[in-house]
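Subject: The structure we talked about

Hi,

Here is the structure I promised to pass on. Have a look at it first, and then read my notes below.

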Amino acid sequence: MQSTLRTQVLKAVAIVAMASAAVSCRTQAPASSTGTSTSTTSASERLTNERLTEQSLIPMPVSVTATNNLFELTSNTDIYVQDGSPELRNIGQYLANLLNPSTGLGIGVQTTQRAPKQGNIYLALRNDAALGDEGYELTITRDGVQLVANKPAGVFRGIQTLRQSLPARVEMTSQQAGPWQIPTGTIRDYPTYEYRGAMLDVARHFFGVEDVKRYIDLIAAYKMNALHLHLADDQGWRIEIKSWPRLTTHGGSTQVGGGKGGFYTQEQYKDLVRYAQERYITIIPEIDMPGHTNAALASYPELNCDNKARELYTGIEVGFSTLCTEKEITYKFIDDVVRELAAMTPGPFLHMGGDESHVTPMKDYIPFINRVQDIVEKHGKRMIGWDEVTNAKLKPSTVAQFWAKADYAKSAAQQGAKVIMSPATKAYLDMQYDSTTKLGLHWAAYIELDSAYIWDPATMVPGVTKAHILGVEAPIWTETLTNMEQLEYMAFPRLPGIAEVAWSPSTVRDWNTYKVRLGKHGARLKAMGINYYPSKLVQWSEQ
Ligand code: TNX
């Protein structure tokens with residue numbers, strides 16, 4: 001599937017995409033000890049060479065300072081959450097649910113007015129403007145763990161760091177042997193980009209609710225905050241729209257290769273939205289149009305200019321379908337879909353696609369996109385579109401998602417729209433690692449782990465700087481991927497690398513140190529049950 005458009009635009013991308021690796025200038029920790037002992041264990045028993053600065057944290061925090069002691073979780077440990085915030089209590093419970101299966105310590109969740117006595121974990125909110133909405137400060141001493149943030153979302157992100165500071169076996173679902181020690185020190189951390197996302201194509205092959213929940217859990221572990229679901233394409237329509245029921249009953253009945261497909265009822269979808277929200281992740285629904293619409297065109301003849309329903313499609317070609325842009329019924333249809341989607345979407349964004357509309361003449365495409373922007377705005381949301389939507393007149397609230405054509409991204413920025421960076425040559429998780437990879441495609445590039453990591457969103461496209469960029473997203477298209485095992489093999493371990501590109505300042509990012517961290521992190525991926533690609537570029541540790 002080497003479309004000529006893609007070939008042309010990708011050449012253009014390749015020319016501008018020579019972002020160089022950032023030089024690491026991570027703060028070296030002072031070698032201080034916490035010194036005098038007040039606890040029952042003597043300091044000498046606890047002193048250790050294991051240091052917080054040597055934990056393989058991904059994404060790398062903004063600053064890590066180590067002290068050479070250890071905190072140990074025991075059967076006396078509880079999680080204390082500051083009184084008065086039900087959200088914090090839920091986060092405390094989320095942490096307990098992570099820790100209890102493997103540690104078997106029966107860690108409970110308590111509310112408290114003040115910092116608890118030694119031996120416990122304390123989660124609290126505190127004004128600290130420098131941390132922003134998602135930053136946190138994690139302080140580990142031999143006497144306890146304190147995690148504070150401005151907002152509950154920051155506490156949640158900090159928990160992912162705390163999790164990675166424990167032995168990898170903490171990720172197992174069955175009980176493991178202790179001890180459960182954490183090296184002491186302080187981490188202050190906050191994201192570089194406010195939007196850090198992954199996209200999952202559930203249209204080409206359908207992935208059920210449990211699979212999507214697992215993907216949400218996996219991206220949450222790397223501090224991502226957006227899951228973009230590609231809910232409709234030529235091969236299938238995957239979200240129930242009550243005013244147009246055949247979209248799913250007919251349009252959702254198959255998938256690539258002719259399997260049985262599937263769709264989410266609105267109840268199931270709302271459950272996914274809730275599940276993501278509990279992990280401080282926003283779900284962004286995408287209905288691609290005017291192209292990539294064969295499933296809708298097969299379900300309703302009136303959406304076609306010739307009034308003839310199309311056949312369902314189970315191949316992997318792109319660019320052959322289009323809504324009939326000159327019919328009023330088309331806009332009634334879009335209005336209904338957007339209204340029902342907006343009602344299920346607490347987040348600010350709806351993604352309306354707009355890519356690869358090869359059979360929609362530009363003279364029709366531009367007014368169509370302009371009208372779709374109006375419809376989205378009318379329903380109180382902001383539109384995201386693939387970079388081609390820049391051909392239209394973008395509203396300042398619209399976001400263009402760069403995937404292929406640098407000129408479009410630049411023009412979006414010039415029009416005052418924000419840009420999400422998803423360069424296919426770097427961030428497409430369905431691209432093969434090399435020519436021996438059996439799954440995936442390679443129309444944009446082969447993307448080994450170093451290539452997926454070594455790029456800077458702020459210098460990728462001349463004319464698109466950090467101020468224009470909302471964030472970074474890693475899409476995974478599923479033409480060749482039929483189950484979670486395959487999906488994980490393509491997503492991991494590139495996804496943690498992209499998560500670091502989005503979260504960590506370029507000053508702490510460096511491939512040579514990242515690959516060492518990733519090698520040690522392999523044991524954790526294994527413990528999480530992730531089927532990852534064991535790239536030869538990395539020395540994977542056995543532990
Ligand atoms: C391009 S990326 C597409 C998708 C395909 C993908 C395969 C984009 C906006 N469109 O329709 O699934 O390539 O890599």
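A quick word on classes before anything else: Ala, Val, Leu, Ile, Met, Phe, Trp, Tyr, Cys and Pro count as nonpolar, Asp, Glu, Lys and Arg as charged, and the others, Gly among them, as polar. With that sorting, the shell around the ligand has 7 nonpolar, 1 polar and 6 charged residues. Please keep in mind that this is a predicted model.

**The ligand**

The ligand is surrounded by 14 residues, and the closest are Arg 204, Tyr 428, Asp 430, Trp 443 and Glu 479. Two of these have a polar side-chain atom facing an oxygen atom of the ligand: for Asp 430 the distance is 2.7 Å, and for Glu 479 it is 2.6 Å. Asp 355 comes in too, with an N or O atom of its side chain 2.9 Å from a nitrogen atom of the ligand. How much of the ligand does the protein bury? Taken alone, the ligand exposes 360 Å², and the protein buries 100% of that.

**The two domains**

The domain assignment splits the protein into domain 1, residues 38–189, and domain 2, residues 195–509. Their centres, taken over C-alpha atoms, are 36 Å apart. The contact between them takes 20 residues from domain 1 and 17 residues from domain 2.

Now for Tyr 193, which sits in the loop between β7 (180–189) and β8 (195–201). Is Tyr 193 buried or exposed? Tyr 193 is buried, because its relative accessible area is 4%, and the cut-off for buried is under 20%. Leaving aside neighbours within four places in sequence, Tyr 193 is in contact with a run of residues from further along the chain, including Asp 456, Pro 457, Ala 458, Lys 466, Ile 469 and Leu 470. Val 501 and Ala 502 are among its contacts as well. Trp 503 is 310 residues away from Tyr 193 in sequence, yet their C-alpha atoms are 6.1 Å apart in space.

**Gln 55 and Ser 165**

These two are worth looking at as a pair. Gln 55 is in the loop between α2 (43–46) and β1 (63–73), while Ser 165 belongs to helix α4, residues 152–165. The side chain of Gln 55 reaches the backbone oxygen of Ser 165 at 3.1 Å. Gln 55 counts as buried because its relative accessibility is 12%; Ser 165 is buried too, at 1%.

What else do they touch, not counting residues up to four places away in sequence? Besides Ser 165, Gln 55 touches Glu 50, Gln 164 and Pro 183. Ser 165 touches Leu 52, Gln 55, Leu 57, Gln 181, Ile 182 and Pro 183. So Pro 183 turns up in the list for Gln 55 and in the list for Ser 165.

**Ala 276**

Over in helix α7 (residues 266–277) you will find Ala 276. Ala 276 is buried, with a relative accessible area of 0%. Not counting residues up to four places away in sequence, Ala 276 touches Ile 216, Ile 281 and Ile 283. Asp 217 is 59 residues from Ala 276 along the chain, and 8.3 Å separate their C-alpha atoms.

**Backbone oddities**

Most residues other than glycine have a negative phi, and most peptide bonds are trans. Here are some places to check against that.

- The peptide bond from Ile 58 to Pro 59 is cis, with omega near -5°. Pro 59 is in the loop between α2 and β1.
- The bond from Met 289 to Pro 290 is cis as well, with omega near 0°. Pro 290 is in the loop between β11 (282–289) and α8 (294–299).
- Tyr 280 is not a glycine but has a positive phi of about 55°. Tyr 280 lies in the loop between α7 and β11.
- Glu 356, also a residue other than glycine, has a positive phi near 45°. Glu 356 is in the loop between β12 (349–353) and α10 (362–378), and is buried with a relative accessible area of 3%.

If you only have a few minutes, begin with the ligand and its polar neighbours Asp 430, Glu 479 and Asp 355, then turn to Tyr 193 in its loop between β7 and β8.

Cheers

Terms used: Residues numbered from 1 in each chain as written. Predicted model: local features only at pLDDT ≥ 70, side-chain atom pairs only at ≥ 80, totals over all residues. Heavy atoms only, no water. Helix = DSSP H or I, 4+ residues; strand = E, 2+ residues; numbered from the N terminus. Buried < 20%, exposed > 50% of the residue type's maximum accessible area, 1.4 Å probe, protein only. Polar contact = N/O pair within 3.5 Å; in protein donor to acceptor, adjacent residues only side chain to side chain. Contact = heavy atoms within 4.5 Å. Near = heavy atom within 4 Å. Areas by Shrake-Rupley, 256 points an atom, 1.4 Å probe, with all protein chains shown as cover. Domains from an automatic or database assignment.
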